[in-house]
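Please look at the sequence and the 3D model below. The report that follows goes through the sheet, the cores, a helix and the ligand site.

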Amino acid sequence: MTVDNDAANRVLAGLRPFPVAITTIDGGFANGLMSLSAGAASIIPEAPRATISLTKYNKTHDMVLNSGIFVMHMLSAADEDVEASLEILMTLGGSSGRDGDKMSKLRTKTGVTGAPILLDAHSYVECRVSGSLDVQESTIFVGDIVAAEVFSEGQRLRIGEAWGKLPADWVAQYDANHEPQLANARARRFGEQA
Ligand SMILES: Cc1cc2nc3c(=O)[nH]c(=O)nc-3n(C[C@H](O)[C@H](O)[C@H](O)COP(=O)(O)O)c2cc1C
């Protein structure tokens with residue numbers, strides 16, 4: 001039976017509207033990326049967990065796999081904060097830590113795991129990986145939350161609002177960077193002939 005991928009993608013689109021900034025540290029090198037894959041992963045309120053899905057193409061993937069730690073930050077939509085939120089999004093989501101240090105461009109403090117906490121974020125949960133699932137082109141990580149803070153009582157930034165405010169040249173660069181990532185994912189899923 002042929003799958004109606006247009007229907008499938010309509011069902012799946014926009015399920016996770018909040019972009020999150022993921023940071024980690026491995027071997028003394030701090031790095032991070034943007035993700036739209038974050039979710040809650042525990043029904044036990046006194047033992048919360050978070051989940052993220054990272055593409056193997058990205059440096060942060062290997063760093064989280066190796067270190068077993070990540071911090072998931074929400075971004076702020078408040079008028080006075082949105083510029084800093086877009087700066088975080090563009091810095092972490094616009095290039096790879098393979099090409100140089102991104103983290104020193106952002107204001108941080110050190111979390112309990114040693115990973116960097118973004119001081120201009122809306123809020124964060126800091127996690128130690130409790131389980132992971134390898135799904136060919138990416139890994140789904142689940143983490144026990146070991147620290148959390150809310151810096152702002154304002155709204156959290158949604159991806160629709162962020163796309164509308166990002167500069168066109170940054171979006172064009174992001175689209176160009178996405179191509180090799182997609183090719184890498186297809187090769188990992190379907191083999192090198194993909
Ligand atoms: C809005 C947005 C959502 C993204 N979602 C994901 C995601 O869920 N998983 C992922 O691995 N990369 C995601 N990316 C791509 C990474 O953030 C991007 O490739 C980053 O440059 C990787 O950096 P690194 O190589 O230093 O880890 C997203 C980027 C943006 C801008």
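In this predicted model, seven strands form an open sheet, and the pairing in this sheet of 7 strands is antiparallel. The order of the strands across the sheet is E2-E1-E5-E8-E9-E4-E3. E2 and strand E3 (39–40) stand at the edges with a single partner strand each, so one side of each has no neighbour in the sheet.

Several neighbouring pairs in this order can be described by their bridges. The table gives the number of bridges for each pair and one pair of residues that stand opposite each other.

| Strand pair | Bridges | Opposite residues |
|---|---|---|
| E1 and E2 | 7 bridges | Ile 22 and Leu 33 |
| E1 and E5 | 4 bridges | Ala 21 and His 73 |
| E5 and E8 | 6 bridges | Met 74 and Ser 123 |
| E8 and E9 | 12 bridges | Gly 131 and Val 142 |

Two of these pairs are hairpins. E1 and E2 form a hairpin with 2 residues between the strands, and Gly 27 there has a positive phi near 60 degrees. The hairpin of E8 and E9 also has 2 residues between its strands. In its turn, Gln 136 takes a positive phi of about 60 degrees. E8 covers residues 123–135 and E9 covers residues 138–150. Val 135 has Ser 138 in E9 as its bridge partner.

How many residues of strand E1 are buried? In E1, which spans residues 20–26, 5 of the 7 residues are buried, so the strand is largely enclosed by the rest of the structure. In the sheet order, E1 is placed between E2 and E5. Ile 22, which is paired with Leu 33 in E2, is also a member of one of the nonpolar cores described next.

The largest nonpolar core has 19 residues. Ile 88, Leu 92 and Leu 118 have the most contacts inside this core. At least two of its residues come from each of strand E2 (29–35), helix H3 (82–93) and helix H4 (159–165). H3 gives the most, with 5 residues. A second, separate core has 15 residues, including Ile 22, Leu 54, Val 64 and Val 125.

Leu 92 shows how parts of the chain that are distant in sequence come together. Leaving out residues up to four places away in sequence, Leu 92 touches Ala 21, Ile 22, Thr 23, Gly 32, Leu 33, Met 34, Lys 102, Met 103, Leu 106 and Leu 118. Leu 118 is, like Leu 92, among the residues with the most contacts inside the largest core.

Helix H2 (residues 59–67) has Thr 60, His 61, Met 63 and Val 64 as buried residues. An α-helix has 3.6 residues a turn, so residues three or four places apart point the same way. The buried residues of H2 pack against E1, E2, strand E4 (49–55), E5, E8 and E9. Of these buried residues, Val 64 belongs to the second core. After H2 comes Gly 68, which has a positive phi near 70 degrees.

Is Asn 31 buried or exposed? Asn 31 is buried, with a relative accessible area of 1%. Asn 31 lies in strand E2, and its side chain makes a polar contact of 3.2 Å with the side chain of Thr 60. Apart from residues up to four places away in sequence, Asn 31 touches Ile 22, Thr 23, Thr 24, Lys 59, Thr 60, Met 63, Gly 97, Lys 102 and Met 103.

Two of these residues, Thr 60 and Gly 97, also appear at the ligand. Which residues come nearest to the ligand? Of the 24 residues around the ligand, the nearest are Thr 55, Thr 60, Ser 95, Ser 96 and Gly 97. Oxygen atoms of the ligand lie close to polar atoms of the protein in several places. A side-chain N or O atom of Ser 35 is 2.8 Å from an oxygen atom of the ligand. At Ser 95, a backbone N or O atom is 2.7 Å from a ligand oxygen atom. At Gly 97, a polar backbone atom is 2.6 Å from an oxygen atom of the ligand. Taken alone, the ligand exposes 650 Å², and the protein buries 92% of that.

Terms used. Residues numbered from 1 in each chain as written. Predicted model: local features only at pLDDT ≥ 70, side-chain atom pairs only at ≥ 80, totals over all residues. Heavy atoms only, no water. Core = buried A, V, L, I, M, F, W, Y, C linked by side-chain atoms within 4.5 Å. Buried < 20%, exposed > 50% of the residue type's maximum accessible area, 1.4 Å probe, protein only. Contact = heavy atoms within 4.5 Å. Pairing = 2+ DSSP bridges. Near = heavy atom within 4 Å. Polar contact = N/O pair within 3.5 Å; in protein donor to acceptor, adjacent residues only side chain to side chain. Areas by Shrake-Rupley, 256 points an atom, 1.4 Å probe, with all protein chains shown as cover.
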